[in-house]
Amino acid sequence: MTPRASTGPTASPPPPLPASEGGRSGIGPLSAEMLIVCLDPEDAVVTLASFLRANNIVFDAAPASPDAIVGRITTVMQPLSPQPLALPSELEECSAALCTELQNMHRLKLVLTLGISAHIAVLGACGIPLSRLDFRPGEITHLPDGLLLADGCHFPTRPIPADMLTQRRSALTELSPKIRAALRPRA
């Protein structure tokens, strides 16, 4: 994990049920190797269904396939309003909660952010100043401690222009093999 979050070394899916390991709510186990940070966790499962299927991302602590990637969708950003950008005080609260969650995810290797607010919350949780790392949809960045940060675009529930939605899906589709290669280099 990053300096602020670290406590040790870094080391068609059905809609998952909310998991609550150690009192922390979210979709998927705290033992996951991939964390998805977004505004609407429950909607993300539906929105990301083809992405999750293509990458064999499951939310089960004991996956059936050794090639499966165990994922988790955090709920720390759920209280935020779906405005273009959250208030700084809201993002600070999310960052603090996310920092605690990251500290408890000992197998975490990659964080996928969906949107700028999620990106900002992750940087805050990791103690990285916003000026150090721009939001770069479709790219994976190695953080100083080895944690990978993959930036994707937010998929709003309200209608958006079709070309914008196509661009966002395309960026995630292009990011998909990078994530798979990062988590399963030999697969």
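1. In this predicted model, strand S3, which covers residues 34-37, runs parallel to strand S5 and is joined to it by three bridges. Within this pairing, Leu 35 has Arg 72 of S5 as its bridge partner.

2. S5 also pairs with strand S4, made of residues 57-58, and here too the sense is parallel, with two bridges between the strands. For Ile 57, the bridge partner in S5 is Ile 69.

3. How many residues of S5 are buried? The strand spans residues 69-74, and six of its six residues are buried, so that it can be described as mostly covered, given that buried stands for under 20% relative accessible area. The cover extends to both faces of S5, with Ile 69, Gly 71 and Ile 73 buried on one side, and Val 70, Arg 72 and Thr 74 buried on the other. Arg 72, the partner of Leu 35, is thus a residue that a reader will find among the buried ones.

4. Leu 35 appears again in the largest nonpolar core, which has 31 residues, and where Leu 35, Val 37, Met 77, Leu 98, Leu 102 and Val 111 touch the most other members. At least two residues of this core are supplied by each of S3, helix H3 (88-103) and helix H4 (116-126). The largest share comes from H4, which provides six residues.

5. Val 111 deserves a separate look. When its neighbours within four places in sequence are left aside, Val 111 is in contact with Leu 35 and Val 37, with Leu 102 and Val 122, and with Leu 147, Leu 148, Leu 149 and Ala 150. Apart from the largest core lies another core, of 23 residues, and among its members are Leu 52, Phe 59, Leu 112 and Leu 172.

6. Leu 172 is also one of the residues that line the second largest pocket, together with Thr 47, Leu 48, Ser 50, Phe 51, Ala 54, Phe 155, Arg 169, Thr 173 and Ser 176. The volume of this pocket is about 160 Å³.

7. Which helix gives the most to the lining of the second largest pocket? Helix H2 (49-54) and helix H5 (162-183) each supply at least two lining residues, but H5 gives the most, with four. Sorted by class, the lining of this pocket holds five nonpolar residues, four polar residues and one charged residue.

Definitions and conventions:
Residues are numbered from 1 along each chain as its sequence is written. This is a predicted model: local features need pLDDT of at least 70, side-chain atom pairs count only at pLDDT 80 or more; totals for chains, interfaces and linings use all residues. Side-chain values use heavy atoms; hydrogens and water are left out. Buried means under 20% relative accessible area, exposed over 50%, partly exposed in between (1.4 Å probe, protein chains only). Two strands pair if DSSP finds at least two bridges between them. A nonpolar core is a set of buried Ala, Val, Leu, Ile, Met, Phe, Trp, Tyr and Cys residues joined through side-chain atoms within 4.5 Å. Contact means heavy atoms within 4.5 Å. On a 1 Å grid over the protein atoms alone, a cavity is a set of points where a 1.4 Å probe fits but cannot get out, and a pocket is an open set with protein on both sides within 12 Å along at least five of seven lines; lining residues have an atom within 4 Å of a point. Grid points are joined across faces, edges and corners, and a volume is the space filled by probe spheres set on the points. Ala, Val, Leu, Ile, Met, Phe, Trp, Tyr, Cys and Pro count as nonpolar, Asp, Glu, Lys and Arg as charged, and the others, Gly among them, as polar.
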